[in-house]
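Good morning. I will go through one structure today and keep to how its parts fit together. Please look at it on the screen.

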There are 2 protein chains.
Amino acid sequence: MAVVLPFDPSADVSAEPSLEGIVSLVRADMERVNTLILSRTGSDVAMIPEVATHLISSGGKRLRPMLTLATADLSGYQGEGDVKLAASVEFMHTATLLHDDVVDDSEMRRGKLAARMLWGNEASVLVGDFLLGQAFRMMIEVGSMHALDILSTAAVVIAEGEVAQLAASKNTATSEDDYLAVIRGKTAELFAAACEVGPVLADRPKVEQSACRSYGMNLGIAFQLIDDALDYGGSQVKLGKNVGDDFREGKITLPVLLAFRRGNEQERNFWRRCLEEGEIKDGDLEHAMELLASHKSLTATVDRAIHYGAMAKDALGLFPDGTAKRALLDTVEFCISRAR
Amino acid sequence: MAVVLPFDPSADVSAEPSLEGIVSLVRADMERVNTLILSRTGSDVAMIPEVATHLISSGGKRLRPMLTLATADLSGYQGEGDVKLAASVEFMHTATLLHDDVVDDSEMRRGKLAARMLWGNEASVLVGDFLLGQAFRMMIEVGSMHALDILSTAAVVIAEGEVAQLAASKNTATSEDDYLAVIRGKTAELFAAACEVGPVLADRPKVEQSACRSYGMNLGIAFQLIDDALDYGGSQVKLGKNVGDDFREGKITLPVLLAFRRGNEQERNFWRRCLEEGEIKDGDLEHAMELLASHKSLTATVDRAIHYGAMAKDALGLFPDGTAKRALLDTVEFCISRAR
């Protein structure tokens, strides 16, 4: 007797990975997060909403606040605190971006002029401070000491990671482990905190809090590695819009770090000249891309990201299947698929 | 029959005002604050303690943390929380100084090279962020939601005040009220918060919390006005070390604001050229000092400071006399006497 399988559109594994799952899971709450973000960037000092809105409304995916809402949903949280913590997480992220652009002298951000190009470094530093302060105020309103502890620790670790990156920058001798420590701090820690506060708000057991933290941490590492690969066009080396920004800024990311280690002395001198001494000539970016391709550094970077993505997915193993869990698993797939 | 008055050394009104009272009142606790400050600037990232210690150990008076300890003492507080909040307040202050020096392009701070001259703007921004994060962590450890609310609100108001100053800078049309709003934000708010958390920790009635807040706010305004006068040598116009820094940076402070309003059109054009257009020639500082003297702007600024100092002292009226109260009153006298 034949078994008739019911049609299940979600089982369509041929579909492109997307954020559709998490977006529809948190749609209603994200509207409230967006309203809250708008109201908390308000100030009598007109420059504050101008600078903040320029960046906040520049089309970021708002992945981090969505993660807070989704892990709260996964944990069966029923209260209102997740909306405020999600907005806090986005403010912490925005403050970091404003300060990063100053630290890196960046001219562009998300395809638009960086805030510092329009309002100056001064305003970017101070509006970042304002948003960080507002983030803490919202967290305090939620009233969970445990969530406060997690997010304030994240703020410290992020700043520490940024300083570590500053100290390590332009050093081609950076090891893969050093590099991982930097991206754990500068990117993955906020993903981890954003995911950990969900089960914390819902007062779930420690083991679930750790699981969500681990999911966020590994997703964050994978996300950053893919970003690093995308800066050189993804796993298929290709030139295009914004390709090579990290190269021009002398950033030592994993693709470069691997090509440096896998290359010969002549190639290492090339990387040293371009990245440590900052002497970049016409054709250097193209040559760098050739080296990345010949040493398969971009493919290797994506492979590393797949490894951390797998750890993120396994971290959720103890949660029962359901819409929230599936949305979180799909998010990992989506983040990695960006570089394919 | 003659009345013999007992000899009371504290009644010796001819003595120079000093910080001796508050320093001896909080000496034991300040040692613990200093130890805590050292331990919380520690990090595996060596640049963090280097930058932080450069500024923190550069001989600031640590007035703000002493105010937290003294108002906690005034309120009969017996716990340990005041030491952590005092260290938090100093970290918030240090973070602000690091960011301010970047925003103002300052080369010197407290007679030493500014941190940004030694480690760069990047490190100053990021170590400031680190210290702000550590400040929040210490506050959270204390566990008082009310104190957290006060200090986090202060962080937002300070950043807002700095942005307002940025927007108002180089504008000679700034009114005295606009200027007061700026210094309430950038200086007085932290004094107010530092003083308010003392009675809050001790769970004293609202009226005492407001009184201490009011003391701090008015002391902070007086302190900043005296600083502004000192930048031109104090109430006696005189040239000396660091005199004229605000002038060279185009800062519109109360002495200038008053001279501008009291002057004729020719004088106003002079101020506009120097401060708005930044065209400063040899002899301009001397001419500015002459205008400040002829319009008695420095004396007037000190008079304004005396007014706010009086409000600060009256705010403490409802507290019974005692060592802590006397130390706080002397602190006001000392702050104002700096410009005499």
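Let me start at the boundary between the two chains. This is a predicted model, and across the interface of chain A and chain B there are 5 residue pairs in polar contact, both residues being at pLDDT 80 or more. How many salt bridges does the rule find across that interface? The count is 0.

Next, the parts of chain A that do the touching. Helix 3 (47–56), helix 5 (81–103), helix 6 (115–142) and helix 7 (145–168) of chain A each supply at least two residues of the side that touches chain B. Sorted by class, that side of chain A holds 20 nonpolar, 8 polar and 7 charged residues.

Now the extent of the interface. On chain A, 35 residues are in contact with 35 residues of chain B. Between them, the two chains bury about 3300 Å², and 83% of that lies on carbon and sulfur atoms.

Why do we say that the copies meet through the same surface? Because 100% of the interface residues of chain A are interface residues in chain B as well.

Last, the symmetry. A turn of 180°, with a shift of 0.0 Å along the axis, lays chain A on chain B with an RMSD of 0.0 Å. The two copies are therefore related as by a two-fold rotation axis. Which residue of chain A comes closest to the rotation axis? That is A:Val125, with its C-alpha at 3.6 Å.

That is what I have for today.

Definitions and conventions: Residues are numbered from 1 along each chain as its sequence is written. Chains are lettered from A and ligands numbered from 1 in the order in which they are written. This is a predicted model: local features need pLDDT of at least 70, side-chain atom pairs count only at pLDDT 80 or more; totals for chains, interfaces and linings use all residues. Side-chain values use heavy atoms; hydrogens and water are left out. Copies are superposed by least squares on the C-alpha atoms of residues with pLDDT of at least 70 in both. Contact means heavy atoms within 4.5 Å. Buried area is the accessible area (1.4 Å probe) that two parts lose on being put together, summed over both. A salt bridge is a side-chain nitrogen of Lys or Arg within 4 Å of a carboxyl oxygen of Asp or Glu. A polar contact is a pair of N or O atoms within 3.5 Å; within protein, one must be able to donate a hydrogen and the other to accept it, and residues adjacent in sequence count only if both atoms are side-chain atoms. Helices (H or I, at least four residues) and strands (E, at least two) are DSSP runs, numbered from the N terminus. Ala, Val, Leu, Ile, Met, Phe, Trp, Tyr, Cys and Pro count as nonpolar, Asp, Glu, Lys and Arg as charged, and the others, Gly among them, as polar.
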